[in-house]
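Open the model in your viewer with a cartoon representation and follow the selections below in order.

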Amino acid sequence: MAGRKLKLYKTDAVVLRTINAREADLLLVLFSREYGKMRVMAHGARKPASRKRGFVQPFCHTRFLLHKGREMDSVSQCEGLELFPDLPKSMRTLGYASYLAELVENLTVEGEANENVFLLLLKAFRLLAQRDPEVLARAFEIKLASFLGYRPVLGRCAGCRRALAGAGAQVGFSAALGGVLCSSCTKETERVFLCHRGTVETLKLLLRWELGRLENLKVSTQARQEIKTVLENYIEYHLGYRGKAAEFFSSLGGER
Ligand SMILES: [Zn+2]
């Protein structure tokens, strides 16, 4: 954090969200490589002639030179590193990009750096427009939860810690206990979500595989629904947040 004590300091960051401020100022919510989530002011950034303008839009990966302020730091200079021009080309891709940014903003703590989260977000933005964005988003959710210290238990029972051998076609998942359950723990636990064994196998791959490899993964409609429910409940239970963008996706219906 030494850099932030100086009057001017540099950081590479992804713009998660922007909020119009007074006059032509723009308040930026960033996730930076060096300092994690932060809020900074870009003065005059909404003026048509502003040189900052193109690099302070949502989802841009930008190198910032920031000026330490008494109440809030402000953008002194900025330079675009990656602008992801394909993201706004479809409503669906744009919706998923907003959702991933929303998750990072709401699940992380201001000033806590997490390079894994930063790199995950960049990689997801690079791939969103070319890949199945729904599968990518589910992988993003489970990896993000793991990087924040909440890796779900999928290889053995999260209740009694025994191997899952002999379990039937369906496996219980408990958000509270932190993962899958054997048949006896499933019977003894409240609020268990039953999912197919294949869904658990897919969850393991979403957790383990690099985002770039996911195009090789075939996920059935049933597994998609189960994984969505499992991860929504898991993230809400452990990280206290349920994505608002979910409403946006239901309004899109089956459109891909
Ligand atoms: Zn058990």
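Two strands are taken as paired if DSSP finds at least two bridges between them. Note also that this is a predicted model.

**Stop 1: a strand pair.** Select residues 61-67, strand β4, together with residues 73-82, strand β5. The two strands run antiparallel, and seven bridges join them. To look at one of these positions, pick Leu-66 and then Val-75 in β5, its bridge partner.

**Stop 2: the barrel.** Widen the selection to the strands β1, β2, β3, β5 and β4, which is their order around a closed barrel of five strands. The pairing within the barrel is mixed. From one strand to the next, the twist averages 50°.

**Stop 3: a helix across the strands.** Add residues 91-107, helix α1. Helix α1 lies across three strands: β1 (8-20), β2 (26-32) and β3 (36-42). Relative to β1, α1 runs at about 115°.

**Stop 4: a helix pair.** Now select helix α3 (residues 133-147) and helix α5 (residues 197-208). At what angle do α3 and α5 pack? The angle is about 70°, and the axes of the two helices are 8 Å apart. Angles of 65 to 115 degrees count as roughly perpendicular, so α3 and α5 are roughly perpendicular to each other. The crossing of α3 past α5 is right-handed.

Show side chains for the contact between these helices. On the α3 side, choose Arg-138, Ala-139, Ile-142, Lys-143 and Ser-146; they meet Leu-203, Leu-206 and Leu-207 in α5. Coloured by class, the residues of this contact divide into five nonpolar, one polar and two charged.

Note on methods: Residues are numbered from 1 along each chain as its sequence is written. This is a predicted model: local features need pLDDT of at least 70, side-chain atom pairs count only at pLDDT 80 or more; totals for chains, interfaces and linings use all residues. Axes are lines fitted to C-alpha atoms, for helices over the stretch in contact, and angles run from 0 to 180 degrees between N-to-C directions. Helices (H or I, at least four residues) and strands (E, at least two) are DSSP runs, numbered from the N terminus. Angles under 35 degrees count as roughly parallel, over 145 as roughly antiparallel, 65 to 115 as roughly perpendicular and the rest as oblique. A crossing is left-handed if the near helix is turned anticlockwise from the far one by less than a right angle, and right-handed if clockwise. Two residues are in contact if their C-beta atoms, placed from the backbone, lie within 7 Å. Ala, Val, Leu, Ile, Met, Phe, Trp, Tyr, Cys and Pro count as nonpolar, Asp, Glu, Lys and Arg as charged, and the others, Gly among them, as polar.
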